[in-house]
Amino acid sequence: MASMTHNVIIGNGSAGNGAAITLRERDPDCRITIITMSSLPFYNRYDLPRIFEGYDDWREILAHPPSYYDEQAITLRRHSQVTEVDSRTQTISFAHNEKMHYDRLLVCAGGRGYLPEQLSDYRHLMHGFGSYEAAISVYKALPKGGSAVILGGDMIGLDLGRTLVATGYRVVVLADEFTFWPHRIASDERADYLKALEHMGMEVSDETSPVSIEAGGKKEPAHRVVLEDGSGVVADVVLPFYGLVPLVEFMLRSGVDIERGLLVDPQLRTNNENIWAAGDVCQIWSDEEKAYRFFYGWSNVRAMGEVAARNMTGAAQAFMDTQDERLRIDEKGDIRSPYWEH
Amino acid sequence: MGNNDIQIAICGSAGDGTIAAGDILKRTMARCGYKVIAFDLYPAEIRGFGKCVARVRISTEQAYSLKHQSDVLISLNDSDAIAHVGEVRDFGAVIFEDSPVARVAEGAHISAHVRPAQIPYGLSQRQISERATGAARSRNIVVLGYLAGLYGLPADPFRDIIAAKFKTKAAAVGEGNLRAFDAGLQAGAAAFKLDDIALDPPIHGDKGARATMMTGNGAVERGCLDAGIDTFFGYPITPATTIMERLAREMPKTGGRMLQTEDEISAIGATLGAGYAGARAATATSGPGLALMVEMIGLGVMAEIPAVLFVSQRGGPSTGMPTKTEQSDLNLAVFGGSGDAQRIVLAPTNVEGCYRCAGKAFEMAECYQTPVIVLLDLYLSNRYETVIPPETMPFAPKAEQAPSAPSGDGRYRRFEIGENHTSRRAVPGQAGGMHTATGLEHDEFGRPSDQAQMHMRMSTKRHEKLKQALSHPDLTICKRFGDEGPVDVGILGWGSTFGEILETMFAAQAEGIRCAAMKVVMLSPLPVEQIARFLADCGEVLVPEMNYEGQFANLVSGALGRPLTRLNCLTGGPMEIETILEQVRALAKARTAA
Amino acid sequence: MPDRQKQARDANPDLPADHATQAYYSNDARDIGWLRENVPCQTACPAGTDIPAYIWAILEEKYGLSYEINREANVLPGILGRICSRPCEDVCRHGWPGNGEPVNICHLKRSASDLKHRGHRITESLYAPSGKRVAVVGAGPAGVAAAHDLSLLGHDVTIFEREHEAGGMLRYGIPEFRLPRDVLTIELHNALRLGVELLTGAAVGNGPGEIRLTDLQRDYDAVLLTTGSMEAIDLPLREETAERPDREIPGVEYGLEFLMELHRGEKKTVGRRVAVVGAGFTALDCARVARRLGAEEVTIHIRTTEEYIPVTKDEIFEAKREGVKIHGLRTPVRLVTDQTGGLCAVEFVQNRLGGWRDNGRRQAIAIDNSEFLEPCDTLLVAIGQRTLNDYLDVTLELDRWGSVSVDDSGMSSNEGIFAAGDYVKGPTTVIEAVGHGRQTALGIDTWLMGRQRRQQVVRIEPVSGPLRERSYDFIPSQEMPTAALRPRSKSLQHEVETGYDSAVAHEEAKRCYLCNLKYQIDVGNCIYCRACIEVAPRNCIKLIEGVEIKKDGTYGELIETNQWNEVGAIWIDNNECIRCGACFMVCPTKCISIERLDFVTQDM
Amino acid sequence: MNETPGPVYIEDTLEQIRGDGHLGYRSALLPTWCPGCGYFSVSEGVTKALNDLSIPGKDVVVVSGIGCASRFPFFMETYGFHTLHGRTLPVATGIKQANDALTVLAVGGDGDAFAIGAGHIPHAARRNVDITYLLLDNGIYGLTKGQASPTSAIGFVTQTTPYENRDEPLNPLMMLLAYHASWVGQAYAGRPHHLTQMIAEAIAHRGFSYLHVLSPCVTFDKTDKTYANLDLEVRDLPDDHDPSDRMAAMAEAAKADTPSLGLFFREERATLGDAMTEIAERASGNYPSS
């Protein structure tokens, strides 16, 4: 179906790019626009820990050379924040006061690290790890052989954790129900996994949670994480990893259904016929579980993008969970997570 | 990408402070000891909607022209800047307003045009400015701060230059702009640098203090002052006006007198009057003004009165393109006027040259008793280069004039025909020097005469005396660059275009083409022998110039009858090195083929 | 100005003009429409509070005046300043795209109350006694507001209150950590001290020892029913799953009753895991109280999603901060009991979102076979209240929702019996109750006196210059300081929000655009030089060829053009205008004027 | 604050503006003068005046020279001629000579008129060419970015007078009175209503009418002829001023520090066109011999 349809993709991650190239394959003539708040072309977030292995030039972690976008005739709108989507007039509003029309819209804005409300007062004392820029600033804040406290954990944080250990840093994990997010693990296995983390060289402290964070003095840039019992852990950087919450603020007035994420049917279409969603931003209706649920992991996310793209171009394919979600402990006694295998 | 040569382009609409921002940037960089070349494009409207572009090339080693690719583009107005995104190199930066006031049409925001390999940097220029100063006017200063913050350029030189720039205005204005700069600096330092742009410390850091940024017009002004100019008369006309403005500021300090007359006709008239009375006098204008002046120039030639005219060419004919550059007044400068009005015409090729030619023009006007035209163009008049002023005064002071001793019949021969065709000149007030200067043909005493042989002899005198100018002391009238001996391609050029020609020649040599270039500074009288010697070495000869037919090529081939390849551009902007280089390649290819 | 005053008076000879201030009055649809459209906060306020006026008063550090301006529209500013649902802030111009965060109007209202001079004296203009007697049944916000206005209007008012203290939902429904009781008591007292007789413990109804409505009809010229909407709606469990009535299961309580008993002083306890169903302030309050009573896991279960529940974001945030969790898209269908017969879990069914309900909420549609269990020890049901009518010995016509149907004046089918507040509208917000109470008071007055005595007109007063600076627009939204988690998490009294000090209040007040300032250009004197457009901070001054006029006679969109020969006027788009005054300062022919518009009520 | 706004219900205003038709004298081009420039006031005035006199645009020629003011014709829906610096009046005279029926407006700035073009003014005036010369005086060279002009005040600092202007400014009104201009008036851009009325009178006058318009340059003059200053300085001509009394007009014109607005001088006398007709008649022998 050749057309001059304007397919707009909000989000420049695995889902967005998977979708873009699929769209191009299926419709050589359509307009494709990818919108992102980032200033960089697409790179894989899961490559960010490699920065600690010395790959600190963003050009080394790009998924495609910049020329790729021209070759595929994909317009890349960077440093562009979407503030509102009007599904009635099919227009997108940007923070820079521009409006853009779309024929079909795919939202894959992904997720932002969740920060529990009771820690919100200490945001300024913690580091994020969601972008190249954030990762670099962690890299700069960590003196060689320095120490990092990982609050919660989650498989993104633990992936960073194991890289940090491997590159000679000290890592403390304050474990809680988020530690193995998004894995769902039985409560009786938990202890073994925590042990495995220690075996991998991380210090783990469980069943106590942070109540506040204190900034270090002039001399030592270290931060002190105060625990319920009044005791504390000192580290150069504090990294909260409490899983992801979908970035949906800009969709609030769009008329698209939202619970935590954008609610989509198995074909990844929202309740609006011209809007699809894919990746960490959407909750997909699952017929067997009779519930909306999230699917994580880069292979899932990419698959979602491709499925959405096919359905945007006339197909009616349901998304199938492709990701093995079991957490294991290998013969060496280390944790193996499918989310770590790229 | 080297860290010793970056070019920054600032683009906005008239009234956005584009030019001012570029000015502060280049002065600061020069102050730091970098080599800087800068050139601004601006529209005829004072405000309104015309496009302004300020380009500043900052390098640790001497450069000869702007690069055709910039490393950074700063947009003060997207609708103007979007067209220039293409000139930014890969992994270069585009800096823009990310919260515009007015609704932006789809695709009209510059972020829609930044290439994937370029790095977008958005900031709220207007709001940062309004926060710092209460008004949006200082956006241009904000972006400078941002630039400094982003690339870690030294902030204090910026602050000094900004303070100096606004010291004539109300104190609040200066302070406001410093606040705007610091606010921008903060934003820039906080921004995450993703491009690969960096600048090594300057090699000539030590000379930084003495090095100054000068435009061609600025250099003309210094030349005038160093040559001890006494009086100046002028009438505003783009792009020559700034010469008058600068002299207005400087001359009185040394007792000189600048008067803005009511038009060009009276300006040149007054200049001749003062010259007759023995002053070092000059005027400055552009093509249209020169057209008004040529009749007076004729009088100057006929009455053998020294006068200096600085003529900065712009797009013509008629009112033409007042703010665009062109080299199309060569004919008017060399030939303009009634009768055989031979005069001296010098065409410097860079800012340094403007300085030398300006000073020398006064020497020569005096020495050969004739109007001397120094021919610039807008590109040279307005482009900035770093210049390190000479430590010793390079110009001869005003020669003491005195009448020759009375000859046999006891009367002073003002126009005596001596062995070198020049006569002793007396100025009013000197005893025994009384005479009448006139536009009529005259005899040695200056008395009107229309006798055939008298006109013959006087014409010979007026032409022959100028030949000595070809060997005037310490003045480069033409110069050869590049490979010695026979070459495949020789580039012959004049005026502002020679910067690009030189960069082209280096590029061609780098590509293995045997290549040489010659600049010709003295257009009248023309250094025919030197040019002939150069042409003899060249397989092919290319003459690039910014006019339609090749006025200079005509001049040369008229004198030498040698076929030349012409390259003529009328874009209103400088020639692109690429354009010349293509021609050179083509000629070299044809050459080796043959 | 004179000619304009004259023109206005020619239109309405009976409108007075105020010569001291050059102010004049208009009831032209265009002026009224302008005010409604341009001052969104006041329009959104059910009580019609003149918000720009009271914020300007705070800017002038006249806190007492600010309090009085509030009090004119709503007799309980200190209370609403804490617990109002803030419809005004949702529409605040400062919150529009590109303008940043809305002004914290409600916090400022509280500041007016907190910061007014300790010895502040209330000013009220009293009408001559009318000799009429009015009985008000129920001392909740609607009743109190109505009683206050009626007494001002010269009537003798008696309030009959079932509980032992006045305040209704305010006292018995809202926890102290959100609304300190001293504030409540003082403002109620101030509202009623103008000779309103308050009879507490005086229930009106059919029961033994209860006062009959018919008696009131006999003894009073008019009766106003403001008994609210206090009857909890039953949890609609599935028939086949209901072993016994939920009220009989230990561990199951109804939210409002739970709170009322607590505030009557009874001792309440909850289990370790508490589930709350419901999506309103009551549900949120129950959850936060439960946390303070020692529950470890408190979860609010809502049928739709957070986005669509009618409570302020701050309340949600504070609740989460105190450890309350919120789960969306689920409806309880069955209660599971353990062998002891006590509650041990609630069975929910998964929902998906359906279409929009006419009240702007979303429908939740249950998904077949998606049931799941949620273990818990205590269930607090707060899914809403309904209105009871059967307690009266007079039958009143009801609307299809079972509420009393009233006409515009608030009178029921039964002459002389009026009704207002939640009793009529069903469970709404306090500010709506107050607004409706006042409106009905006017209705009663008109009926009693046989003519309308008050009318609302627009007061237009020229202002000499801009009252703001552009720099104000960059002041960040001032956060409401809150008590530290530790002390407050265990106490039911410790107030969570601690209020602005005068410096912060002043900063926040500066942020208000003062939308009731009207900038306009005298086109006859305009030279079209665009100097004003040059300095405009937004796209707020336009070259126009026309303006759309809506059917109701008010203005619509400006029609712009860039064709010089089409430009009829350069005109200020008051909807885009943020009242920064830049244009006023720069105009070479001084053709820009500023007027302040306010709604005022006048005698007729 | 001057006249306070009357009742403004915008749609009424717009209807009236559409109705009166002066917008028809504007071109479609938005003027490119700096926002706030006094010239806007003049162009608005001209359109209204032509409209009030109901002269069709096709019969009007606006002639200008070089300078900011000379952009004028581009924004008018009339015939226009944008000529060379200072050479406005000769061209206008030529046009008028070719066709007496045309309404010819010459527009120029102070530099264009009294510096480079000064030599032309006396002759256009004494011949009493039936044209209207609108002199837009901002006391500065705007297009060349701020140099002193013949009407710049003493002490005025510009790019070319960094040590303050020492040249006595011209008094154009006295010059024109001396040149025997047959209609001499003055108006101020900050008083749009009066300006419009004066333009109308000037055009209506039969003969060489000279209207001097005080018109601030908001970009290059922040200190001298600003709206703020002129608002305080301008006066109305005394009620008893007799516009037929040239010396009285001279006396009023001499009060340069408090410029008076209104009609200084008017006389009816034969225009160049009349002279031409008369000569033609005489040449053709139709002239009644006395």
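Trainee: With 18 C-beta neighbours inside 10 Å, what does H421(B) count as?
Mentor: A residue is buried if 20 or more other C-beta atoms lie within 10 Å of its own, exposed if 12 or fewer, and partly exposed in between, with C-beta atoms placed from the backbone. H421(B) has 18 such neighbours, so this residue counts as partly exposed.

Trainee: What kind of model is this?
Mentor: Residues are numbered from 1 along each chain as its sequence is written, while chains are lettered from A and ligands numbered from 1 in the order in which they are written. Local features need pLDDT (the predictor's confidence in each residue, from 0 to 100) of at least 70, side-chain atom pairs count only at pLDDT 80 or more, and totals for chains, interfaces and linings use all residues, as this is a predicted model.

Trainee: What is the phi of H421(B)?
Mentor: H421(B) sits in the loop between β14 (384–387) and α14 (452–467) of chain B; helices (H or I, at least four residues) and strands (E, at least two) are DSSP runs, numbered from the N terminus. Most residues other than glycine have a negative phi. H421(B) is not a glycine, yet its phi is positive, at about 70 degrees.

Trainee: Which histidine of chain D has a phi near 70 degrees?
Mentor: Look at the loop between α6 (172–178) and β7 of chain D. The residue there has 17 C-beta neighbours inside 10 Å and so counts as partly exposed. With its positive phi, the one you want is H180(D).

Trainee: What is the omega of the peptide bond between T238(B) and P239(B)?
Mentor: P239(B) belongs to the loop between β8 (231–234) and α8 of chain B. Most peptide bonds are trans. This bond is cis, and its omega is about 5 degrees.

Trainee: And which proline follows G316(B) through a cis bond?
Mentor: Go to the loop between β11 (307–313) and α11 of chain B. The bond from G316(B) has omega near 0 degrees, and it leads to P317(B).

Trainee: Which helix gives the largest share of the side of chain B that touches chain D?
Mentor: Residues are in contact if their C-beta atoms, placed from the backbone, lie within 7 Å. Chain B brings 16 residues to this contact and chain D brings 18 residues. Five residues on the chain B side, the largest share, come from residues 241–250, which form helix α8.

Trainee: How many charged residues does that side of chain B have?
Mentor: Ala, Val, Leu, Ile, Met, Phe, Trp, Tyr, Cys and Pro count as nonpolar, Asp, Glu, Lys and Arg as charged, and the others, Gly among them, as polar. The side of chain B that touches chain D has six nonpolar and four polar residues, and its charged residues number six.

Trainee: Which residues does E250(B) contact, leaving aside its neighbours within four places in sequence?
Mentor: E250(B) has its place in helix α8 of chain B. With 17 C-beta neighbours inside 10 Å, E250(B) counts as partly exposed. Its contacts beyond those sequence neighbours are E221(B) and L225(B).

Trainee: How many residues of domain 3 of chain B are in contact with domain 2 of chain B?
Mentor: An automatic or database domain assignment gives the bounds, and for chain B they are domain 1 (5–210), domain 2 (213–387) and domain 3 (478–593). The centres of domains 2 and 3 of chain B, taken over C-alpha atoms, are 27 Å apart. Domain 2 of chain B gives 23 residues to their contact, and domain 3 of chain B gives 21.

Trainee: Which residue of β23(C) stands opposite V458(C)?
Mentor: Two strands pair if DSSP finds at least two bridges between them. Strand β18 (residues 454–463) of chain C runs antiparallel to β23 (residues 592–603) of chain C, with 10 bridges. V458(C) in β18(C) also has S26(C) opposite, while its partner in β23(C) is F599(C).

Trainee: Which strands stand at the edges of the open sheet in chain D?
Mentor: This sheet has eight strands in the order β2-β1-β3-β4-β8-β7-β10-β9, with mixed pairing. Each edge strand has a single partner, so one side of it is left without a neighbour in the sheet; these strands of chain D are β2 (79–82) and β9 (235–236).

Trainee: Over which residues of chain D does pLDDT stay under 50?
Mentor: Chain D has a mean pLDDT of 91, and 95% of its residues reach 70 or more. Where pLDDT is low, the predicted coordinates should not be read in detail. In chain D, pLDDT stays under 50 over residues 1–7.

Notes:
Contact = placed C-beta atoms within 7 Å.
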